[in-house]
Amino acid sequence: MANSKKSFHISDFSKYMCLVSIVLVFGVFSVIIPNFMTPYSLQNMMTEAAPLLLMAGGMSFIIYTGGIDLGAGAMVSCTCVLSGVYVAQFGNAIIPIMLAAGILMGLTNGLLVTKLKLPSFIVTLCTMNFWSYIALNLCPNGSEIIPMDKRFMVQWATQKVFGIPIMFFIALAGVAVLYIFQQYTVYGKAIYGVGANVSATRLAGVNTDMAQISAFVISGACSALAGALYAYKLKSAVPTVGDALTLTAIASVALGGTSMAGGRGSVLRTALGVVTITGVTSGLNMMGVDPLWKDIVIGVILIIAVCLNTDTRGRDLIVK
Amino acid sequence: MKNKWEDSLSALSVGQQFAQKVKDDARKDKIRRYAPLILLIVMTIIGAISQKNFFSWGNIVNIMYQMSIPLVISTGLMYVLLLGSIDLSIEGVMGFAGSFVAFLVINNSNDNDFGLLGILLVVLISTAVGALTGFLHVRARIATFIVSYAMGCIMTGAAVLVYRGTPIQVKDELFNVLSQGMLLGIPYLTLIAFAIFIIGALILNYTAFGRAVYAIGDNETAAASTGINIGLTKIKVFALCGCTAGLAGILQCIRLKLGQASLGTNQMFPVVTAIVIGGGSLSGGKGGALSAFVGVLIYTELVNWLTLMGVDPYVRKVIQGVIIIIAVTLTISRSRKTISK
């Protein structure tokens, strides 16, 4: 209501926000830090970004529906622990197993949200307890290292092809699949519809419950894959690895210009958001800023990005 | 279920259908009003059976002591839930308040000695953080769960930054007195907590501001048309919630004589559960001081009992999750035209 007289709406800016911020971040840091853009540092950033790309890509779909998954980080922790503990037993078959587990977790969230008609933030806050329970129960003494003689199984993920880590290729493939799903399938379109206007979408003959559930399932699968990648990357089962990731993933989605109210956005924009956030965190790291500042910086970025994204023109709806 | 309801009424006129619906709602309301009390009685009976001296003065004081910090949190949170909003920043604010107050009073890591002034300063900062959350929500029209979530992460970060690794131990005499002192066998901490809650309850029940909170939660559009300043009321509510979260953090610091970010961990969610059990609703307009109190009491007795049964704390969290899903399912209103995604 405050800026109704302005002809330029802040929300117009959000379209270009991801590009502006990515240029800004990488420009500023490569001026300040001489070796910011060296191949070694870029490789590091790619390994950093790979699991986050998957996680934030999946989270985007939930945010398209207007929901949120506050338990995604705990899901990553849970699958990281599961794959770290059981990779010795199952070998690389653990990845499809984790995908199945992620689908199951997403399904739980989706069913609770749609069938009981609860707000997603409360459901995911509850189910978060389940995931972290599994993670902490399997790893009661902090993290557990994958035994040395089984290391050869997980070694491939951190190898590099043409100088690019294989993990990053996996993440890119994941983003590509998500993009195709979002752009060229009926369910992809239905997910946007749910976020934009549920009743209109339902009247158009779309099974909105199904669309919402599939958004949660996709996000679950992506988070699970991200968790497995973390286990491969860290070569251990870490029950707290996902704690800070929920915030980072949500901030990446918001930074990409995706509206928290749902209905618009794109996985590619989220990917750019992830690149920006990774740039910020590694830049601050290389400048020698205390890593304790990371959460504060990302939190501030999230608030600013969400402020810019919010469509202040839709005034008839009450926001709680 | 809805279809069945419609089928059975298809023969009735619109007026009769409406009357039926009103009657149904009234019945549901009645169940909702008495369910918490019945639950409280059941929990008390279970407690009395499983604990020999459940009704002894010592155990009553013990339960009062255990519920004191959740009670302080619920003071602010009940206002926020009455609006139909949520404040996920409570844990972060608590952690920050506890760490920063430990930093300001006499401690083992620096030479600060602000005493009461330090406590006041921390309460003011917490209130300002709450007000900022409310301001961002009202002005930028961001859903509260997202803005308060981000704010909570920022405050947790700030809390860790205050002590950088090693939690600060408090050496202040004032804190010693407050944590160990007793009046008539009741710890000061409990008395302070109950006083804060009673003040909050009085403001909610006997001021225009409190009435406005109910009105906004019940029907925001109608409240706006009666001339209530919706934005300002919401900002005040969030400021109040920040204030009580800060107080809860300080009390937590007094209790443990330690300032660290994890003072707030897992403190908010049980209180949401408790308020909803007590008859509050996440969609707003329902509940109040008494129901928050009953909810916190039920919850404390439940935790007391689970601990007594030797249930693992992580399992307790899972049980909490299940309880809140059930409670929210029963109480949430699905007919409102609101965005509470």
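The radius of gyration is taken here over C-alpha atoms, and the globule rule is 2.2 Å times the number of residues to the power 0.38. This is a predicted model, in which local features need pLDDT of at least 70, side-chain atom pairs count only at pLDDT 80 or more, and totals for chains, interfaces and linings use all residues. Residues are numbered from 1 along each chain as its sequence is written, while chains are lettered from A and ligands numbered from 1 in the order in which they are written.

**Exercise 1. Describe the overall build of chain A.**

Step 1. Apply the globule rule. For 320 residues a compact globule would have a radius of gyration near 20 Å. Chain A has 20 Å, which agrees.

Step 2. Box the chain. Along the principal axes, the C-alpha atoms of chain A fill roughly 65 × 50 × 35 Å.

Step 3. Count elements. Helices (H or I, at least four residues) and strands (E, at least two) are DSSP runs, numbered from the N terminus. Chain A has 13 helices and 5 strands.

Step 4. Check burial. A residue is buried if 20 or more other C-beta atoms lie within 10 Å of its own, exposed if 12 or fewer, and partly exposed in between; the C-beta atoms are placed from the backbone. In chain A, 53% of the 320 residues count as buried.

Step 5. Check contact range. Two residues are in contact if their C-beta atoms, placed from the backbone, lie within 7 Å. Of the contacts in chain A with a separation of 6 or more, 82% join residues 24 or more positions apart.

**Exercise 2. Repeat the description for chain B.**

Step 1. The elements of chain B come to 15 helices and 5 strands.

Step 2. The globule rule gives 20 Å for 341 residues, and chain B has a radius of gyration of 21 Å, so chain B is as compact as a globular protein of that length.

Step 3. The C-alpha box of chain B, along the principal axes, is roughly 80 × 55 × 35 Å.

Step 4. Of the 341 residues in chain B, 49% are buried. Residues 24 or more positions apart make 79% of the contacts in chain B with a separation of 6 or more.

**Exercise 3. Analyse how H12(A) packs on H13(A).**

Step 1. Locate the pair. H12 covers residues 267-286 of chain A, and H13 covers residues 293-309 of chain A.

Step 2. Test the length of H12(A). The expected span of a helix is 1.5 Å times one less than its number of residues. The 20 residues of H12(A) should span 28 Å, and the end C-alpha atoms are 28 Å apart, which agrees.

Step 3. Take the geometry. Axes are lines fitted to C-alpha atoms, for helices over the stretch in contact, and angles run from 0 to 180 degrees between N-to-C directions. The angle is about 145°, with the axes 11 Å apart.

Step 4. List the contact. H12(A) brings Ile277(A), Val280(A), Thr281(A) and Leu284(A). H13(A) brings Trp293(A), Lys294(A), Val297(A) and Ile298(A). An α-helix has 3.6 residues a turn, so residues three or four places apart point the same way.

Step 5. Sort by class. Ala, Val, Leu, Ile, Met, Phe, Trp, Tyr, Cys and Pro count as nonpolar, Asp, Glu, Lys and Arg as charged, and the others, Gly among them, as polar. The contact has 6 nonpolar, 1 polar and 1 charged residues.

Step 6. Look at the surroundings. H12(A) is mostly covered, with 15 of its 20 residues buried. Just after H12(A), Gly288(A) takes a positive phi of about 85°.

**Exercise 4. Characterise the side of chain A that touches chain B.**

Step 1. Count residues. The contact joins 40 residues of chain A to 39 residues of chain B.

Step 2. Find the suppliers. On chain A, helix H5 (120-138), H13 and strand E5 (318-319) each supply at least two residues. H5(A) gives the most, with 12 residues.

Step 3. Sort by class. This side of chain A has 28 nonpolar, 9 polar and 3 charged residues.

**Exercise 5. Find a positive phi outside glycine in each chain.**

Step 1. Recall the background. Most residues other than glycine have a negative phi.

Step 2. In chain A, take Lys235(A), with a positive phi of about 55°. Lys235(A) sits in the loop between helix H10 (208-234) and strand E4 (236-237). Lys235(A) counts as partly exposed, because it has 18 C-beta neighbours inside 10 Å.

Step 3. In chain B, take Lys257(B), with a positive phi near 50°. Its loop runs between helix H12 (230-256) and strand E4 (258-259) of chain B. With 16 C-beta neighbours inside 10 Å, Lys257(B) counts as partly exposed.
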